Amino acid sequence: MVVTVLGLAAVYGALELTGNPVNAVVLAIVVMVALCLIKVPVTIALLAAALLGGLQAGMGMEGALGAFNDSLLSGAQVGLTYVMVGALAVALSRSGLIELFAHWVTTKVGTDEQETNKGVKWALYGLFVVASLLSQNLVPVHIAFIPILIPPLLVVLNRLKIDRRAVACILACSMSAAYLLLPTGFGAIYLNEILLANVNDFGADHGLTATADMAPRAMFWPVMGLFAGMLFAVLVTYRKPRTYEAPLSTSTLATAPATERIKLRPYPLIMTILALAAALYFQIAFDSLLMGAMVGFILLSIGGIFRWNAQDDVFTQGLLMMAQIAVIITVASGFAGLLAQTGHIEPLIAATADFVGGNKAFGAFLMLFIGLFITIGFGDSFASVPILAPIYIPLALELGFSPLATMALLGASAVLGDAGSPASTISLGVTAGLNADGRHDHIKDSVIPTFLHCNVGMLLFAWVTALML
């Protein structure tokens, strides 16, 4: 830790002394990532890096704190949503449906035949892919399915000696691919309301007009890069068996209260299905995951899935399960808001444009790389598009890229870094499920594997795509 801090300080001092002041955004993101890698808690890393970035931008401590605090509200709203989603997840787990499924899978693993075990492993991989795709589109609950589905299956994953880093890559790549390619649910928001809208807004003055059918076409090959990275993780990087120790005594899996075996009687089963349908309806009708999760929780309470006087316990378990994600999301919104107010994002992108000159290949690669760097700090691809669009669209058109290639560059640049950012909801959700027994590290087992396999493949595919379209 000391060596890392001293190294960063030495590089910073050398640049400042030679008359090359460090961009505040670059400084904040590099410090945040470095602190996370040396095991500083993500919340502390985000706060410390944000304040350093604010000071570097000349905002002063009061100005930096003010900008940070002003941006916390939106993150707190999202954090509250995830707490409610956690409560719904625990309530659903009391229905016995997931427990029954996990028990069924366990019986399939209970044979010594290698081929049977291999078949179960690939069936689980397929299940994770399908669940991830549905979570973004048909049943848009985002990461809420992970803490419901994964913890009961950890014992199965352990018996099969599956490397959880492979599962992390499957979940992250599949969730990202879903909203980048399929124009429903979160995909409709990203492709149509954000990407398409920004391309038309900032492309109008340059004669660029995009249609709804262009967005999925532009993102197709970059998404294939995501799947290529996922397959490489499963078939090559994390193919070998890995043994995990027993759950930590302090983990949520070890400390979860013992629950009586629940029989799937018709009425509770019907109420569970009704609660899921109502949660989906209210979420879509009011455009609020918070509302949907709350209605689903209430219906499960009324339906007798758990005792009425156990509501506080169920809600508290959901709160504990999602508390870390809620806090980090809140702090990350302050981090992103402060960076936006430094005024150093635009110069960073403009400097990239000057550095590129007229080289299309180099320009495309640098645009993707800068997008990756910025989104790592924001942890949110949806927020990155409006930041990158004003510079990237004129730059891409000036370099001679086609409208489809321009859309692909912008869409991919904003997404790179979403999966693999320490503050990304995808990375946090993956850890929330796989670390239920305390044996899956957020940085080492979620962030680094998903960063490498989701982003490297997508960057290369998007780069080639932009040059070919």
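How many of the residues in this protein are buried? Of the 469 residues in the protein, buried ones make up 51%, and I would like to start from that figure and walk you through what the structure shows, bearing in mind throughout that this is a predicted model.

Let me begin with confidence. The average pLDDT over the protein is 79, and 82% of the residues reach a score of at least 70. Taken element by element, helix 11, which covers residues 214-237, has the highest mean pLDDT, at 92, whereas helix 12, covering residues 252-255, has the lowest, at 56. Where pLDDT is low, the predicted coordinates should not be read in detail, and I will try to keep to that as we go.

Now to the overall build. The protein contains 21 helices and zero strands. If we take the contacts between residues at least 6 apart in sequence, 79% of them join residues that are at least 24 apart. On the outside, the protein exposes about 20,100 Å², and carbon and sulfur atoms supply 68% of that area.

Turning to the inside, the largest nonpolar core has 117 residues, and those that touch the most other members are Leu46, Phe128, Leu180, Tyr190, Phe335, Met407 and Leu410. Helix 9, residues 164-181, gives the most to this core, contributing twelve residues. To take one residue from that list and look at its surroundings, Tyr190 has, leaving aside residues up to four places away in sequence, contacts with Tyr179, Leu180, Leu195, Ser381, Phe382, Val385, Gly411, Ala414 and Val415. There is also a second, separate core of 18 residues, and Ala87, Leu88, Ala293 and Val295 are among them.

One residue I would point out here is Gly296, which is found in helix 14, residues 289-302. Gly296 counts as buried because its relative accessible area is 0%, under the 20% limit. Not counting residues up to four places away in sequence, Gly296 touches Leu88, Ala275 and Ala279; Leu88, you may recall, was named as part of the second core. From Gly296 to Tyr281 the separation is 15 residues in sequence and 10.0 Å in space, taken from C-alpha to C-alpha.

Let me move to the surface, where Phe220, Trp221, Ile448, Leu452, Val456, Leu460 and Phe461 make a nonpolar patch of about 600 Å². Which helices supply at least two residues each to this patch? They are helix 11 and helix 21, the latter covering residues 442-468, and helix 21 gives the most, with five residues. Phe461 is one of the patch residues and is found in helix 21; its relative accessibility is 32%, so Phe461 counts as partly exposed, a class that lies between 20% and 50%.

The last topic is charge pairing, where the count comes to six salt bridges, and I will describe three of the pairs. In one of them, the side chains of Arg165 and Asp163 meet at 2.7 Å, N to O; Arg165 is partly exposed at 23% relative accessibility, while Asp163, at 4%, is buried. In another, the side chains of Asp445 and Arg242 meet at 3.7 Å, N to O. That pair links distant parts of the chain, since Asp445 is in helix 21 and Arg242 is in the loop between helix 11 and helix 12, 203 residues apart. Here too a buried residue is paired with a partly exposed one, with Asp445 at 4% relative accessibility and Arg242 at 23%.

The remaining pair I want to show is Glu245 with Arg439, whose side chains meet in a salt bridge at 3.5 Å, N to O. Why does this pair tie together parts that are 194 residues apart in sequence? Glu245 lies in the loop between helix 11 and helix 12, and Arg439 lies in the loop between helix 20, residues 425-434, and helix 21, so the salt bridge joins those two stretches of the chain. Glu245 is exposed, with a relative accessible area of 56%, and Arg439 is partly exposed, at 25%.

To finish with how these charges are arranged, Asp163, Arg165, Arg242 and Asp445 are linked in a network of salt bridges. Helix 21 thus brings us back to two of the features I have described, as it holds Asp445 of that network and also gives the most to the nonpolar patch.

How values were computed:
Residues are numbered from 1 along each chain as its sequence is written. This is a predicted model: local features need pLDDT of at least 70, side-chain atom pairs count only at pLDDT 80 or more; totals for chains, interfaces and linings use all residues. Side-chain values use heavy atoms; hydrogens and water are left out. pLDDT is the predictor's confidence in each residue, from 0 to 100. Helices (H or I, at least four residues) and strands (E, at least two) are DSSP runs, numbered from the N terminus. A nonpolar core is a set of buried Ala, Val, Leu, Ile, Met, Phe, Trp, Tyr and Cys residues joined through side-chain atoms within 4.5 Å. Buried means under 20% relative accessible area, exposed over 50%, partly exposed in between (1.4 Å probe, protein chains only). Contact means heavy atoms within 4.5 Å. Patches are made of residues with over 30% relative accessible area and no salt bridge: like charges are joined within 9 Å, nonpolar side chains (Val, Leu, Ile, Met, Phe, Trp, Tyr) within 5 Å. Accessible areas come from the Shrake-Rupley method with a 1.4 Å probe; for residues, only the protein chains shown count as cover. A salt bridge is a side-chain nitrogen of Lys or Arg within 4 Å of a carboxyl oxygen of Asp or Glu.
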